[in-house]
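User: I would like to go through this model step by step. Please keep the answers brisk and end each one on the result.

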Amino acid sequence: MQQEDQTPMDQESPLDQENTNQVDQIAELEAQLAEQQAAVLYAKAEGENIRRRAADDIDKARKFALEKFSGELLAVRDSLEAALNIETGTLESYKNGVEITVKQLSHVFEKFHIVELNPVGEKFDPNKHQAISSVEADQEPNTVVSVLQKGYTLNDRVLRPALVMVAKAKS
């Protein structure tokens, strides 16, 4: 009778089966956790790589932003140096050379959207003009009478304001 009460060693009890299932579930959850941790680390590293590449691109853009503009200006400099190397030039030939060089420079300015401000007759705008003095004139007060130094804009942003003389009311 004693032998009948004992369960054979080969058979698992319901508690042992439940423990085995729990151990399997824990192992599966740990594997999923490890997989998720690896995915998070990968995503973090990928984000860092993207950030680093973007920073490198920004640095290169800053460093070489003026490359095309500088290349265009080299032709203007070459023209000026060629004029200086002429030993037996006449006043007329120098004048013609300077005119050609100014045309080259104007072409470069046009190509890169640098626009000349020459506001004679316009209303004074402190965002684009710098008044040096005011003079009595027949024009309406606060109108630009003369330009002492031209101003320039780059893509509608003022690089240098025009130095102007402004009309004031006659006394």
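User: How many bridges join E1 to strand E4?

Analyst: This is a predicted model, where local features need pLDDT of at least 70, side-chain atom pairs count only at pLDDT 80 or more, and totals for chains, interfaces and linings use all residues. Residues are numbered from 1 along each chain as its sequence is written, and side-chain values use heavy atoms, with hydrogens and water left out. Strands (E, at least two residues) and helices (H or I, at least four) are DSSP runs, numbered from the N terminus. E1 and E4 (residues 151–154) run antiparallel, and the number of bridges joining them is four.

User: Which residue of E4 is the bridge partner of Leu 117?

Analyst: Two strands pair if DSSP finds at least two bridges between them. E1 and E4 are joined by four. Within E4, the partner of Leu 117 is Gly 151.

User: Which strands stand at the edges of the sheet that holds E1, E4 and E5?

Analyst: The three strands form an open, antiparallel sheet in the order E1-E4-E5. Each edge strand has a single partner, so one side of it is left without a neighbour in the sheet. The edge strands are E1 (114–117) and E5 (157–160).

User: By how many degrees are neighbouring strands of this sheet turned against each other on average?

Analyst: Axes are lines fitted to C-alpha atoms, for helices over the stretch in contact, and angles run from 0 to 180 degrees between N-to-C directions. For the sheet E1-E4-E5, direction is ignored, and the average turn is 35 degrees.

User: Which residue in the turn between E4 and E5 has a positive phi?

Analyst: Three bridges join E4 to E5, and the two run antiparallel. Tyr 152 stands opposite Arg 160 in E5. The two strands form a hairpin with two residues between them, and the turn residue with a positive phi, about 50 degrees, is Asn 155.

User: Which element gives the most residues to the lining of the largest pocket?

Analyst: A pocket is an open set of points on a 1 Å grid over the protein atoms alone, where a 1.4 Å probe fits, with protein on both sides within 12 Å along at least five of seven lines; lining residues have an atom within 4 Å of a point. The lining consists of Val 102, Leu 105, Ser 106, Phe 109, Glu 110, Ile 114, Glu 116 and Tyr 152. Helix H4 (91–111) and E1 each supply at least two of them. With five residues, the top contributor is H4.

User: How many residues of that lining are nonpolar, polar and charged?

Analyst: Ala, Val, Leu, Ile, Met, Phe, Trp, Tyr, Cys and Pro count as nonpolar, Asp, Glu, Lys and Arg as charged, and the others, Gly among them, as polar. Sorted this way, the lining residues are five nonpolar, one polar and two charged.

User: Is His 129 buried or exposed?

Analyst: His 129 lies in strand E2 (residues 129–136). Contact means heavy atoms within 4.5 Å. Leaving aside neighbours within four places in sequence, the contacts of His 129 include Pro 119, Phe 124, Val 144 and Val 164. Its relative accessible area is 5% (under 20% is buried, over 50% exposed, in between partly exposed; 1.4 Å probe, protein chains only), and His 129 is therefore buried.

User: What is the order of the strands in the sheet that holds E2?

Analyst: Seven bridges join E2 to strand E6 (residues 162–168), running parallel. Four bridges join E3 to E6, running antiparallel. The pairing is mixed, and the open sheet has the order E2-E6-E3.

User: Why is E6 largely enclosed by the rest of the structure?

Analyst: Ser 133 stands opposite Met 165 in E6. Val 144 stands opposite Val 166 in E6. E6 is largely enclosed because the buried residues number six of the seven.

User: How far apart in space are Leu 154 and Ile 26?

Analyst: Leu 154 is in strand E4 and is partly exposed, with a relative accessible area of 33%. Leaving aside neighbours within four places in sequence, Leu 154 is in contact with Phe 112, His 113, Ile 114 and Leu 159. Leu 154 and Ile 26 are 128 residues apart in sequence, and their C-alpha to C-alpha distance is 66 Å.
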